[in-house]
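Here are my notes on the structure you sent. Please read them with the model open.

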Amino acid sequence: MKKLIYILLLAVATFGFTSCDEDRDSNPILSGAGTTRSLVLNVPPVSVNNVIDLLTSNSIEFTTSQPDYGFPASTVYTVWVSLDGEEFVALPTTYTTARMSVAAKEFNEALLGLAGDADLSAPLSVKVKLTAAMFVDNSIGKAESNVIELPKVQAYVPVVEVTLPTKMHIVGGFAASAEWKNFVPLTQAYSKEGFFYGVVYLAEGDEFKINPDAGWKGNDMGTDQITLEGDIAASCANGDKGSNLKMSASGWYTVIVKAKIANGAVQYTLSFSEPKVYIIGNALNGDWSMNDSGRFTAPATADGEWVSPAFTGAGELRMCIDCGVDWWMTEFTLDGDNNIFYRTMDIPSNWAENVGADYSKQAAIGGHAYINFTAGTGRITED
C-alpha cells in the first residue's frame with residue numbers, strides 16, 4: 001500500500017507537466033518497483049597497499065553511485081561491516097550523498113563488538129557493504145551493494161582512564177546494614193587514596209559484599225572480585241548465595257578495603273582485624289601513641305557502646321582507630337550533634353582552631369568517651 005501511495009503521489013505531483021499520452025515517457029516513474037536493486041561500492045584506494053590504522057585515522061572515505069531508480073531521488077545510505085562475511089552490523093551514522101566519510105571511531109567500535117575477545121594486535125580483514133533506500137525506513141527503492149574487502153584494518157581498544165574510588169560501602173545481612181537495605185559507608189583514610197576502613201559488628205553467618213556505590217549499580221564485589229588477607233581472613237569465606245562473603249565467627253571487626261590500580265584496572269584487597277580504638281594526646285596525659293592505656297573496651301553486642309579508659313589528663317580529646325597507618329589518618333571526633341566525624345582535613349593545631357568549636361570535645365580528668373559505631377554517635381562524660 002505504501003508503494004502504491006508513493007507512486008500515486010508522484011503522478012499527482014507531475015500532473016501539471018503532462019497532459020497527454022505523448023508526454024508519458026518524461027514522467028518520473030520508479031523503475032523496477034518491488035525489487036531490490038544493486039549498487040556498486042568502490043574499494044577505497046587507501047586500502048589497496050596500506051594498513052588502515054583506526055587509532056590514527058579520522059575517517060575512511062567510501063564512494064558509490066545512486067541506485068537506478070529511473071529518476072534522481074533523495075537516497076539514504078547505510079554502511080555495514082563484518083569480519084566473517086556472514087554477520088554484518090550497521091554503523092549508526094547514515095549518509096545522503098554517494099561519497100561517505102565514515103568516522104574511524106565509529107568503524108572501530110563496530111569491529112570491537114564483532115571481534116569480542118579476539119586478538120587485536122594484528123590487522124583485521126574487514127568486509128564492507130552498503131544498503132540504500134529512498135526513505136530511512138528502507139520501505140521504497142531498496143538497494144544493496146557488492147561486498148568489498150579492506151584487507152588490513154588495525155583496530156584498537158580505547159584507553160579508559162582508570163581512577164581509584166573515593167567512596168566504599170559494606171552491605172549485607174548484618175545489624176548496621178538492615179538486611180541488605182543500608183549501604184554502610186566505610187571511611188577513606190585521610191591523605192591516603194584507595195584506603196577505606198570501618199569498625200563493624202558482624203555475627204556468625206552474616207553475608208555481605210563491598211561496593212563503591214551506595215546502591216545496586218552492578219559494582220558490588222564479593223569473593224570473586226576481591227582478595228582476602230590478614231589474620232582473620234579465614235573467618236570470611238564464600239557465602240551461601242553467589243560470591244557473598246560470610247562470617248564464621250561473631251564479633252567486632254575493623255574492616256579495611258585497599259584499592260590499587262594494576263594492569264589497567266582497579267584491584268581490591270579486603271582484610272579484617274581485631275578492632276583497636278584509642279584515646280591519645282591530652283586526655284591520656286600527653287601520650288600520643290596508641291597503647292593499651294588508652295584503648296577502648298569493646299561492647300558485647302552490635303548496638304553497644306565502646307568505652308574509653310578514664311581520662312588521665314584534661315584538654316581537647318583526640319581519638320583514632322588502629323588500621324596499621326599513622327593515627328592521624330584514622331582520627332575521629334564528634335560533631336555538634338554528637339555524630340561521629342572522621343577526619344578529612346589537615347589539623348596542624350587542633351580541632352577547635354582548624355575545624356571548629358563544635359568538633360572540639362573536651363576531656364576532664366576521670367571522664368570517659370562512649371562511642372556507638374553502629375549508630376554512628378557518641379558522647380563524652382566527666383565521670
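**Notes on the predicted model**

1. The largest nonpolar core has 31 residues. Leu-54, Phe-62, Val-81, Phe-107, Val-126, Val-128 and Leu-150 have the most contacts inside it. Keep in mind that this is a predicted model.

2. Several elements each supply at least two residues of this core. Among them are strand 3 (59-63), strand 4 (76-82), strand 7 (124-133) and strand 9 (148-154). Helix 2 (104-115) is also on that list. The largest share, six residues, comes from helix 2.

3. Apart from this core lies another, of 29 residues. Leu-284, Phe-311, Met-319 and Tyr-342 are among its members.

4. Take Val-81 as a way into the 31-residue core. Leaving aside neighbours within four places in sequence, Val-81 is in contact with residues including Phe-88, Leu-91, Phe-107, Leu-111, Val-126 and Val-128. Glu-87 and Lys-127 are also in contact with Val-81.

5. Now the protein as a whole. Its secondary structure comes to three helices and 27 strands. Of the 383 residues, 45% are buried. Among contacts between residues at least 6 apart in sequence, 62% join residues at least 24 apart. The protein exposes about 19,500 Å², and carbon and sulfur atoms supply 50% of that.

6. One open sheet has four strands in the order 19-22-23-24, with antiparallel pairing. Strand 19 (277-280) and strand 24 (340-342) each have a single partner strand, so one side of each is left without a neighbour in the sheet. Neighbouring strands of this sheet are turned by 35° against each other on average, direction ignored.

7. Which residue is the bridge partner of Leu-334 in strand 24? Ile-340 is. Three bridges join strand 23 (residues 331-334) to strand 24, and the two run antiparallel.

Technical notes:
Residues are numbered from 1 along each chain as its sequence is written. This is a predicted model: local features need pLDDT of at least 70, side-chain atom pairs count only at pLDDT 80 or more; totals for chains, interfaces and linings use all residues. Side-chain values use heavy atoms; hydrogens and water are left out. A nonpolar core is a set of buried Ala, Val, Leu, Ile, Met, Phe, Trp, Tyr and Cys residues joined through side-chain atoms within 4.5 Å. Buried means under 20% relative accessible area, exposed over 50%, partly exposed in between (1.4 Å probe, protein chains only). Contact means heavy atoms within 4.5 Å. Accessible areas come from the Shrake-Rupley method with a 1.4 Å probe; for residues, only the protein chains shown count as cover. Two strands pair if DSSP finds at least two bridges between them. Axes are lines fitted to C-alpha atoms, for helices over the stretch in contact, and angles run from 0 to 180 degrees between N-to-C directions.
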